[in-house]
Amino acid sequence: MLFVRILSFTNHAAEHIALNFPVYETFNLTSRIFVASLFVSAAIYAIAIHIRSFITPLLIGFAGLIATLFLKRFDLMPVWFPFEILSRIVTYNAGSEIGKFFTFTEYISLISALFTLYFSYNLFRFKRFQKAFFSSKVSITKHIFVLSVFIFLFFTEMKTIEMRPYNSTVIAGEIKSNTNFHKLTLLDKLIGDTLLVIPVKNNKFHYKSDIKIDLDNYDIYFDDKQNTSICISTNDSIYIRCILYGSDNRYSITGTRTAENKKQDELFIERGFAYKIEKELTAGRSENLSKILLKELKKSISKIKNFRTADNIAYRSDYIKRKEKIILSIYLKEWSKIKTAYKMLFPDKKITDNPEIKIYKSLLSEYQTGLLSNEHYFNYQKNKFIYENTENANEDTKIFDGIIKIKNNDFKDKLLYRHLLGVLYETPDKKERDSIVNLYADKFSNKIIQKKIFSKKTLIDNASKGEKAFEFEAHDINGKSVKLDDFKGKYVILDIWTTFCGACYRQMPYFEKFAIKYKNKNIKFISLCYIDKRKWNLDIAKKTNSKSVSWLFSDDKEALIKGFNIVTIPRFILIDPEGNIVNSSFTYPAYPGFEELLMKTIEN
């Protein structure tokens with residue numbers, strides 16, 4: 001593990017610096033492993049000196065490992081358990097995020113090991129418990145003092161750190177890079193509004209803002225290139241440490257939102273839930289359905305409340321409330337599906353919300369604009385109009401009718417914007433898109449958002465079927481200039497991607513496979529990258545044998561994104577021999593229907 005971690009410190013160095021051995025990082029990691037193992041070693045030593053048997057300490061150690069697996073399986077693992085302290089070295093291999101040499105569990109290991117050794121030594125020395133600890137008043141006083149110190153230090157480390165709001169909103173940080181950056185832009189994820197433009201000097205920045213920022217995740221861009229997202233709200237002080245060397249982009253975000261800015265697992269419903277629900281649904285036991293749902297819901301909320309970083313920092317209360325509402329959105333949407341399925345299976349039976357579910361629903365009845373950027377919350381808010389409206393109308397009509405009746409104008413506008421934009425993307429016919437926008441555009445109270453929807457529609461129209469494809473300019477691995485017009489007379493399947501996109505790389509083998517298979521057909525397979533030229537050069541240099549694909553790079557990121565209306569990547573676009581768009585969101589090569597759909601199109 002130590003060797004692997006050392007490699008992780010050095011594997012990016014070849015691209016931008018001379019390879020230096022990471023002395024401090026290696027020393028820190030070695031020290032942490034040593035300290036984390038002290039408690040386990042002290043405990044085994046204590047057992048070994050008191051139980052004169054070779055096999056017994058080994059069996060106890062093995063039992064400890066089994067107990068670790070059992071406790072983890074049922075989420076009962078205490079952080080001070082010796083084997084858990086060791087396992088957290090792997091989980092938090094980067095160590096402390098707030099500048100400490102050890103994490104809090106490693107300090108606990110050190111404290112517990114010293115106390116265990118002290119206790120064991122005294123017992124070993126005097127053989128009997130009473131003689132070791134109660135032989136005299138002086139002895140008793142000394143041992144009580146040692147025990148008190150241990151308890152104090154143990155619980156000091158165990159105490160959860162709760163960050164508090166700052167007296168103003170501050171975004172500061174530093175960038176390690178071979179590029180000089182000039183600005184940092186903070187963007188709203190939902191609408192794409194620019195909230196702040198922060199000047200960067202000598203790759204350092206410090207900015208105090210007086211604008212109101214709702215608690216949410218926001219995108220940040222450095223000179224409109226590298227980007228990540230941060231969680232921030234009004235009266236937060238955030239410090240961003242960045243390493244930006246080509247494809248080696250790493251961010252460490254600390255401050256009043258240290259825990260909130262940790263990379264988190266996606267919230268989802270566990271696999272066993274669906275099986276339990278299906279079983280009770282088939283049996284028609286409605287009261288059990290709500291019990292199962294509530295049990296899983298509470299378990300998910302408990303995980304959020306118990307989350308801690310490597311330094312024992314917990315989520316702040318406002319963020320916990322935010323996460324709770326997202327979890328409620330997931331489970332209450334699921335509850336609506338369960339009720340619909342139950343009514344279809346048992347039309348003569350009733351299924352109602354129990355009092356607890358009604359309370360949870362009331363919590364989501366309060367509109368929270370800052371949550372609309374979250375997919376689960378957004379889906380719950382729009383889909384509830386489908387379940388509440390019993391009229392004979394299509395789902396989108398029910399959603400639109402429900403949204404425009406919302407009295408909170410800010411919430412209504414942003415919910416309407418997001419849903420309308422999604423509908424426009426899914427509507428292939430331009431006339432139908434015109435009709436939809438004309439029907440709902442005047443429902444916006446905010447004219448700026450209204451203008452944005454018209455602007456987005458124009459971009460979608462420009463990249464829709466039958467429209468002239470954007471005439472991009474790019475270059476190949478040898479620097480030769482290439483344009484879309486160079487492929488006129490042939491169908492073109494275009495793969496638009498970036499070097500930081502894992503999903504893009506996963507599609508490449510399939511894309512190359514079809515390019516080789518159909519190299520004699522009237523179609524050209526083009527891979528077009530638009531971010532991180534250096535990394536692109538390194539990756540494409542390895543593909544010298546893959547000549548069936550034209551590997552291109554575009555330096556004009558903004559024009560490419562606007563020209564093809566790129567929202568997500570990878571993006572596959574099929575263009576006809578005249579340079580017109582056939583399909584601007586073609587299916588992924590890895591999907592079963594790709595080949596059939598492609599051949600059907602070009603052969604017709």
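Guide: One definition first. Ala, Val, Leu, Ile, Met, Phe, Trp, Tyr, Cys and Pro count as nonpolar, Asp, Glu, Lys and Arg as charged, and the others, Gly among them, as polar. The model here is predicted.

Visitor: How do the residues lining the largest cavity divide into nonpolar, polar and charged?
Guide: The lining consists of Arg 32, Arg 88, Ile 89, Tyr 92, Thr 103, Thr 105, Glu 106 and Ala 310. Ile, Tyr and Ala count as nonpolar, Arg and Glu as charged, and Thr as polar. The residues of the lining divide into three nonpolar, two polar and three charged.

Visitor: Which helices each supply at least two residues of that lining?
Guide: Look at the lining by number. Arg 88 and Ile 89 are in it, and so are Thr 105 and Glu 106. The first pair falls within 82-91 and the second within 104-126, and these ranges are helix 4 and helix 5.

Visitor: What volume does the largest cavity have?
Guide: Rolling a probe the size of a water molecule over the atoms shows where empty space is left. A search of the whole structure finds one cavity of 30 Å³ or more. The volume of the largest cavity is about 30 Å³.

Visitor: And the whole chain: what share of its residues counts as buried?
Guide: The protein chain has 20 helices and 15 strands. Along the principal axes, its C-alpha atoms fill a box of roughly 100 × 70 × 50 Å. A residue is buried under 20% relative accessible area. Of the 604 residues, the buried share is 47%.

Visitor: How many residues of strand 11 are buried?
Guide: In a regular strand the side chains alternate between the two faces of the sheet. On one side of strand 11, Tyr 491, Ile 493, Asp 495 and Trp 497 are buried. On the other side, Val 492, Leu 494 and Ile 496 are buried. For strand 11, residues 491-497, the count is seven of seven.

Visitor: In which sense does strand 11 pair with strand 12, parallel or antiparallel?
Guide: Strand 12 covers residues 523-529, and seven bridges join it to strand 11. Val 492 stands opposite Lys 524 there. The sense of this pairing is parallel.

Visitor: Which helix does the chain cross through from strand 11 to strand 12?
Guide: The path is a β-α-β crossover, and it is right-handed. The helix between the two strands covers residues 502-517. That is helix 17.

Visitor: Which residue of strand 14 stands opposite Asp 495?
Guide: Strand 11 also pairs with strand 14, residues 571-575. This pairing is antiparallel, over five bridges. Opposite Asp 495 stands Phe 572.

Visitor: How many disulfides does the structure hold?
Guide: A disulfide is a covalent bond between the sulfur atoms of two cysteines. The cut-off is 2.5 Å between sulfur atoms. The number of disulfides in the structure is zero.

Visitor: How far from Cys 529 is the nearest cysteine sulfur?
Guide: Cys 529 counts as buried, at 0% relative accessibility. It is in no disulfide. The nearest cysteine sulfur is that of Cys 504, at 8.3 Å.

Visitor: Where is Ile 220 placed?
Guide: At 0% relative accessibility, Ile 220 is buried. Its C-alpha is 4.6 Å from that of Leu 186, although the two are 34 residues apart in sequence. The element that holds Ile 220 has five of its seven residues buried, so it is largely enclosed by the rest of the structure. The place of Ile 220 is strand 5.

Visitor: Which residue stands opposite Tyr 218 in strand 5?
Guide: Strand 5 pairs with strand 2, residues 183-188. The pairing is antiparallel, over five bridges. The residue opposite Tyr 218 is Asp 188.

Visitor: Is Asp 214 buried or partly exposed?
Guide: Asp 214 lies in the loop between strand 4 and strand 5. Its relative accessibility is 32%. Buried means under 20% and exposed over 50%, with partly exposed in between. Asp 214 therefore counts as partly exposed.

Visitor: What phi does Asn 312 have?
Guide: Asn 312 lies in the loop between helix 9 and helix 10. It is buried, with a relative accessible area of 4%. Asn 312 is a residue other than glycine, yet its phi is positive, near 65 degrees.

Methods
Residues numbered from 1 in each chain as written. Predicted model: local features only at pLDDT ≥ 70, side-chain atom pairs only at ≥ 80, totals over all residues. Heavy atoms only, no water. 1 Å grid on protein atoms, 1.4 Å probe; cavity = no way out; pocket = protein on both sides within 12 Å on 5 of 7 lines; lining within 4 Å. Points joined across faces, edges and corners; volume = space filled by probe spheres on them. Helix = DSSP H or I, 4+ residues; strand = E, 2+ residues; numbered from the N terminus. Buried < 20%, exposed > 50% of the residue type's maximum accessible area, 1.4 Å probe, protein only. Pairing = 2+ DSSP bridges. Right-handed = clockwise from strand over helix to strand, strands pointing away.
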